Amino acid sequence: MNNKFPKSFLWGGAISSGQADGGFFEGGKGTDTQSLRYFNPEWSREERNENRDINMTSSRFEAALKTNDTLHYPFKRGIDFYNKYKEDLSLLDELGLQIFRTSIDWSRIFPNGDDESPNEEGIQFYIDLFTECQNRGMKVFATILHYGIPVNLVTKYGGWKNRKTIYFFEKYARTLFERLGDLVDYWLPFNEINCNRFNPYNGCALIKDQEENYNQSIFQAGHHQFVANALAVKAANEILDNPAIGGMIARFTTYPATCKPEDVMQTVLDENYKNYFYTDVMVRGKYPSYTKRMFEELDVSLEIEPGDLELIRDYTVNFISFSYYMSMLTSVDPEYEVTSGNLLSGIKNPHLETSDWGWQIDPIGLRISLNDMYDRYQLPIFIAENGLGAYDKVENNEIHDDYRIDYLSQHIDQMREAIEDGVELLGYTMWGIIDIVSCGTIEMSKRYGVIYVEADDAGNGTLKRIKKDSFYWYQKKIKENS
């Protein structure tokens with residue numbers, strides 16, 4: 001077997017603006033929904049797990065709107081990438097990164113979401129950032145929406161459950177294509193679009209206690225996002241020359257807990273409802289037949305306006321991407337032990353080790369996912385996120401993270417196997433290439449990066465960047481395969 005990756009393969013790293021940028025009070029930025037997520041650094045591990053804000057409450061939302069506190073709102077401070085991006089890109093250049101994935105903050109471009117014209121300071125920041133990437137030989141992979149929307153779109157319109165948000169998003173996307181299009185190589189309208197079901201506040205800005213029929217609001221908001229996604233593809237095709245514009249999900253790779261037919265059937269349903277529903281719409285351009293039963297069982301009746309289904313049909317994505325962190329088991333038997341994971345929990349697999357946060361480590365599951373997705377769609381694939389969240393210890397200004405090297409090495413081996421299987425794999429952007437505030441638990445101590453950021457969960461620290469052992473390992477891996 002050829003141990004080398006294809007010459008065209010892109011080695012990269014990824015962050016999101018909400019978790020990294022900070023600069024909350026700078027550059028004309030508006031308030032966004034992610035910055036309202038509350039965290040208390042004195043919480044115990046149990047309290048941190050219980051307070052992940054998967055379901056935002058009205059009281060917590062209103063309290064967040066009335067404060068400039070950054071101690072309890074870590075996304076307001078991030079790692080100050082907004083001011084330190086040149087220093088960070090210099091490190092990524094030294095690392096040998098060929099592509100850098102980050103998200104654009106909607107509230108920097110349109111602070112209220114419904115503004116008549118964009119904030120020029122926000123536009124200029126991304127011109128400067130992406131130009132710096134290109135000048136250093138790094139391609140740019142830009143996510144248009146990584147969860148956070150301008151909070152005014154929630155308080156004034158109701159967020160994604162209101163159709164008007166579709167057209168505010170379309171205007172935002174068109175602005176990006178017109179002003180930044182020559183600096184971006186790959187576009188992604190939505191990060192983990194299936195998040196709207198599994199984390200409705202992050203995914204579609206819903207506040208649970210304000211919803212009469214939560215499922216109805218979730219899937220109606222999801223329909224609006226599908227239409228918005230199609231309009232973004234349409235705009236990209238009109239404005240840009242042969243744009244690479246993709247769709248992304250959080251990949252929930254699922255195995256039956258037993259070979260009982262009931263468990264196998266449950267696996268089919270889980271794969272359809274959690275994964276393929278979203279990519280089927282974005283790639284095949286229509287709601288799949290199995291959603292009829294799903295909607296009936298969830299008491300959902302979508303309001304679909306004339307022209308919606310035609311837009312979804314006519315403007316599909318030309319590559320697919322996903323985040324992959326772990327796999328899980330499923331069963332009709334409720335008695336199994338459950339463990340944590342990305343966005344949702346699943347049955348613990350006795351054959352797998354787990355991370356410090358209980359996520360099951362399954363490199364072969366990545367190869368399975370790549371084969372399944374490519375076989376289904378025959379479109380090129382980008383691994384947009386993959387990495388290990390772990391506790392790191394600084395010893396004499398060094399971080400010896402062999403556990404991360406082992407995780408990355410095993411997953412990269414399975415990527416190569418998938419390519420040998422025939423999968424057309426475009427590239428790999430390792431998640432949290434620099435330590436950032438964790439999206440799930442809102443803490444700094446859950447670290448993914450090959451570059452350490454000196455800051456604790458309360459925001460104390462110099463923000464000094466330190467190269468971990470994994471930095472030098474990934475640098476060598478990129479060089480060997482380039």
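An open sheet of 8 strands (DSSP runs of E, at least two residues, numbered from the N terminus) has the order 4-3-2-1-16-13-7-5 with parallel pairing, where two strands count as paired if DSSP finds at least two bridges between them. At its edges lie strand 4 (186-190) and strand 5 (246-250), each of which pairs on one side only, and neighbouring strands are turned against each other by 20 degrees on average, direction ignored. The model is predicted, with local features requiring pLDDT of at least 70 and side-chain atom pairs counted only at pLDDT 80 or more, while totals for chains, interfaces and linings use all residues. Residues are numbered from 1 along each chain as its sequence is written, and side-chain values use heavy atoms, with hydrogens and water left out.

Within this sheet, strand 1 (residues 10-14) and strand 16 (residues 425-431) pair in the parallel sense over 5 bridges, and Trp11 stands opposite Tyr428 in strand 16. Helix 16 (residues 402-421; helices are DSSP runs of H or I, at least four residues) lies across strand 1, strand 13 (381-385) and strand 16, running at about 170 degrees to strand 16, with angles taken from 0 to 180 degrees between N-to-C directions, and axes fitted as lines to C-alpha atoms, for helices over the stretch in contact. Helix 17 (residues 469-481) also packs on the sheet, touching strand 1 and strand 16, and its direction makes about 155 degrees with that of strand 1.

The axes of helix 12 (residues 261-284) and helix 15 (residues 363-377) come within 11 Å and cross at roughly 40 degrees. Their contact (heavy atoms within 4.5 Å) involves residues including Tyr276 of helix 12 and Met373 of helix 15.
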